[in-house]
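Trainee: Could you take me through one part of this model up close? I'd like to start at the surface and then see what else is worth a look.

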Amino acid sequence: MSDKLSDSPHITHDRPDARAQKPLSRFLQQTLLEDERIVSRAEFHWIYTFRAFLSAVVWIALGIAVQFGLHKLAASSHDNSIARYELIPPLFGLVVGGFSFLAKMVYKWTTEIVLTDKRFLYKSGVFSILVYKMNVREINYCNIMQSLLGNWMDYGHVYIITYTLDDKNIFLPNIAGPHTFSTAIEQVKKAEF
């Protein structure tokens with residue numbers, strides 16, 4: 001089996017993928033088998049962080065715009081009771097935007113997507129952890145979904161379809177290099193059979 005894997009042009013034992021060298025979480029380190037080797041590791045594309053940041057900025061800008069509208073309304077109606085509420089919209093935008101950004105970043109920081117020479121491993125979450133451990137033999141095929149921008153900037157979703165009937169199909173978030181990761185899955189499957 002390892003000879004077939006070594007002959008593959010994209011998967012080598014001598015020069016492993018740099019992303020595969022990053023340290024794993026303690027949880028996934030305990031999950032790896034003794035003779036298991038990391039082949040590839042999917043990483044979030046930088047566009048994910050940009051969208052999280054943009055979401056926070058939009059919420060804060062919306063709060064500031066509502067504050068500006070309240071200020072104009074209070075000035076035109078000479079009603080000082082409205083002026084008391086001018087700080088609520090930007091604070092609301094800051095809280096909602098900050099929470100939105102933090103929630104997306106915690107998802108990014110706690111998600112690990114790893115392909116070994118035997119299994120596909122997916123772990124996400126802090127307090128409630130979702131884990132998929134699946135032999136590569138269980139994977140039927142992968143679909144890649146990319147927008148026009150995703151195709152241009154090389155990011156997209158990978159949808160892993162399995163042979164199992166218990167709804168173990170896995171929809172990965174926007175990852176960098178989805179075609180490379182999908183190809184690595186296909187090569188490991190080919191080497192396994």
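**A surface patch, a hairpin and a lysine**

Mentor: Start with the nonpolar patch on the surface: Trp-46, Phe-50, Phe-53, Leu-54, Val-57 and Val-58 make it, and it covers about 600 Å². Keep in mind that this is a predicted model. Take Leu-54 as one of the patch residues. Leu-54 sits in helix α3, which runs over residues 46-77. Its relative accessibility is 41%, so Leu-54 counts as partly exposed, given that buried means under 20% and exposed over 50%.

Now hop over to Lys-189, which belongs to helix α7, residues 178-192. Is Lys-189 buried or exposed? Lys-189 comes out at just 9% relative accessibility, so it counts as buried. As for what surrounds it, set aside the neighbours within four places in sequence, and Lys-189 is in contact with Val-136, Ile-139, Asn-140 and Tyr-141. Ile-139 also offers its backbone oxygen, which lies 3.2 Å from a polar atom of the Lys-189 side chain.

Last stop, the hairpin. Strand β3 (residues 119-124) and strand β4 (residues 130-135) build it, with five residues between them. The two strands pair in the antiparallel sense, over six bridges. If you want one pair to click on, go for Tyr-122, whose bridge partner in β4 is Tyr-132. In the turn, have a look at Gly-125: its phi is positive, at about 120°.

Methods:
Residues numbered from 1 in each chain as written. Predicted model: local features only at pLDDT ≥ 70, side-chain atom pairs only at ≥ 80, totals over all residues. Heavy atoms only, no water. Pairing = 2+ DSSP bridges. Helix = DSSP H or I, 4+ residues; strand = E, 2+ residues; numbered from the N terminus. Patch = residues over 30% accessible without salt bridge, like charges linked within 9 Å, V, L, I, M, F, W, Y side chains within 5 Å. Areas by Shrake-Rupley, 256 points an atom, 1.4 Å probe, with all protein chains shown as cover. Salt bridge = Lys/Arg side-chain N within 4 Å of Asp/Glu carboxyl O. Buried < 20%, exposed > 50% of the residue type's maximum accessible area, 1.4 Å probe, protein only. Polar contact = N/O pair within 3.5 Å; in protein donor to acceptor, adjacent residues only side chain to side chain. Contact = heavy atoms within 4.5 Å.
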